[in-house]
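Reader: I have a model open and would like to learn how to read it. Where should I begin?

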Amino acid sequence: MKKVLYLFLISLGLYGCRTEAVDIRQLNGYWEIEKVVTASGETKVFTGNETLDFFSLTDSLHGFRVKVMPNILGTFSHNNTTESLKVYAEDGQWKIRYHTPFAEWEESLLKLTENTLELQSAENTLYIYKRYLPDSIIP
């Protein structure tokens with residue numbers, strides 16, 4: 001009986017220590033910035049956005065991010081400024097490395113669910129996004 005109890009306690013401890021699995025494919029799609037929190041604690045809340053971030057990721061965890069602007073017809077326009085990206089795991093955490101002809105930078109993926117995205121820059125600025133859902137258009 002003691003062996004069963006010990007096995008149960010060890011299993012419970014290991015279960016409690018596991019990290020929550022993230023479906024990285026949920027990064028694909030349109031994201032709207034909700035809030036930015038700087039390292040000093042300053043917070044900026046966004047109540048309406050003219051631009052969205054569109055992420056596209058392949059099975060090889062390479063892809064791109066581009067700023068897009070939705071219009072009333074349900075389509076999007078963009079400014080042709082695309083950031084190449086690569087997603088990878090490091091020390092148990094997902095990271096996103098961006099690359100443009102002018103710069104390279106990295107963000108840590110803190111949270112990713114179907115409707116929530118949280119990214120943190122190397123400068124400890126926190127970016128909180130929500131999944132963009134277009135307003136229903138009445139035909």
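Author: Begin with the elements of secondary structure. This is a predicted model, and its protein chain has one helix and nine strands.

Reader: In what pattern do they follow along the sequence of the protein chain?

Author: The pattern reads α-β-β-β-β-β-β-β-β-β, with the helix ahead of the strands.

Reader: Next, strand pairing. How many bridges join strand S1 to strand S9, and do they run parallel or antiparallel?

Author: Pairing is read from the bridges that DSSP finds, at least two of them for a pair. Here S1, residues 29-37, and S9, residues 126-131, are joined by six bridges and run antiparallel. To place one bridge, look at Glu 32, whose partner in S9 is Lys 130.

Reader: How many bridges join S8 to S9?

Author: Five, and these strands also run antiparallel; S8 covers residues 116-121. Within this pair, Glu 118 has Ile 128 of S9 as its bridge partner.

Reader: How many residues lie between the strands in the hairpin of S8 and S9, and which takes a positive phi?

Author: Four residues lie between them, and Asn 124 takes a positive phi near 65°.

Reader: What share of the protein chain counts as buried?

Author: Buried means under 20% relative accessible area. By that cut-off, 28% of the 139 residues count as buried. The protein chain exposes about 10000 Å², and 57% of that comes from carbon and sulfur atoms.

Reader: And contacts: what share join residues at least 24 apart?

Author: Take the contacts between residues at least 6 apart in sequence; 39% of these join residues at least 24 apart.

Key
Residues numbered from 1 in each chain as written. Predicted model: local features only at pLDDT ≥ 70, side-chain atom pairs only at ≥ 80, totals over all residues. Heavy atoms only, no water. Helix = DSSP H or I, 4+ residues; strand = E, 2+ residues; numbered from the N terminus. Buried < 20%, exposed > 50% of the residue type's maximum accessible area, 1.4 Å probe, protein only. Contact = heavy atoms within 4.5 Å. Areas by Shrake-Rupley, 256 points an atom, 1.4 Å probe, with all protein chains shown as cover. Pairing = 2+ DSSP bridges.
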